[in-house]
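Biologist: I'm new to this one. Could you take me in from the outer surface and then give me a close look at the nonpolar core?

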Amino acid sequence: MKDYYYFLGISQDASEEDIKKSYRKLSLKYHPDKNENDDFFADRFREIQEAYETLSDRSRRKTYDQNLENHQKSFRYNVPPAIKTFTANKIHAKKGEEIIINWQTSNADIVKVLPFGLEKAYGERIFKITEFKEGKFQILLHATNSLLHKTVVQGITITEVFESDGEKFRDKTEELFKSQPRTVTNPHGQPKIFRIILAVVFLILAIYFLIRNFA
């Protein structure tokens, strides 16, 4: 059973205002028009809409809460969750290549495959990797028994492969000049090449003043 509270990132005692606020924020973030019609964002957007339509209606929410509670109680509360299988058809792939993953869990009422989101207790997903991070793409399977408050996690790492050394060099070069996520140490999201050049300049200046002092 789908957990609509998880989709919206809210607790089960969330107010109507909390539901609206979360929906507005997430619908803007995951809207397909803002994400080049990516299937992943389209799926998340549909889940968010489905969750909002149910939880924003008092009558539908009451019925949903009752069904959710019954669903959770139907699981064997004294048996911890387990991951029986979690496999990928390949662990080395090129950017844009199709990957197939399969999984099967037991005694889990909440199953997530990250970065995709909530899934059934068992299933298969076909997707394409559009972006590797430092040559790797990680997939995590979370199986949770919410009544026991226990979760087991298993991961698969897909390593990027290149058709040629030239392609690998081009990819590394693009990474150097690409804007980075904003952090405390990099508030403006400056590319790696800028920070490397800045570090080299500071090193040269430090050496210059060191030599000057000794002279």
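Modeller: Starting from the outside, about 14,600 Å² of the protein is exposed, and carbon and sulfur atoms supply 54% of that area. Keep in mind that this is a predicted model; its mean pLDDT is 83, with 85% of the residues at 70 or more. Going inward, buried residues account for 30% of the 215 residues.

Now for the core you asked about. The largest nonpolar core has 19 residues, and the ones touching the most other members are Phe86, Ile101, Phe127, Ile139 and Ile158. At least two residues each come from strand 1, strand 3 (98-106), strand 4 (110-114), strand 7 (136-145) and strand 8 (150-160). Strand 7 is the top contributor, giving 4 residues. Strand 1 (residues 82-88) also has the highest mean pLDDT among the elements, at 94, while helix 5 (residues 165-177) has the lowest, at 60.

Zoom in on Ile139 and you'll find plenty around it: leaving out residues up to four places away in sequence, Ile139 touches Phe86, Ile101, Val113, Leu114, Phe116, Phe127, Gln154, Gly155, Ile156 and Ile158. Apart from this core lies another one, of 17 residues, including Ala14, Ala51, Tyr64 and Leu118. Ala51 is also one of the buried residues of helix 3, along with Phe45, Ile48 and Leu55, among others.

To place all this along the chain, the protein has 6 helices and 8 strands, in the order α-α-α-α-β-β-β-β-β-β-β-β-α-α. And of the contacts between residues at least 6 apart in sequence, 54% join residues at least 24 apart.

Note on methods: Residues are numbered from 1 along each chain as its sequence is written. This is a predicted model: local features need pLDDT of at least 70, side-chain atom pairs count only at pLDDT 80 or more; totals for chains, interfaces and linings use all residues. Side-chain values use heavy atoms; hydrogens and water are left out. pLDDT is the predictor's confidence in each residue, from 0 to 100. Buried means under 20% relative accessible area, exposed over 50%, partly exposed in between (1.4 Å probe, protein chains only). Contact means heavy atoms within 4.5 Å. Accessible areas come from the Shrake-Rupley method with a 1.4 Å probe; for residues, only the protein chains shown count as cover. A nonpolar core is a set of buried Ala, Val, Leu, Ile, Met, Phe, Trp, Tyr and Cys residues joined through side-chain atoms within 4.5 Å.
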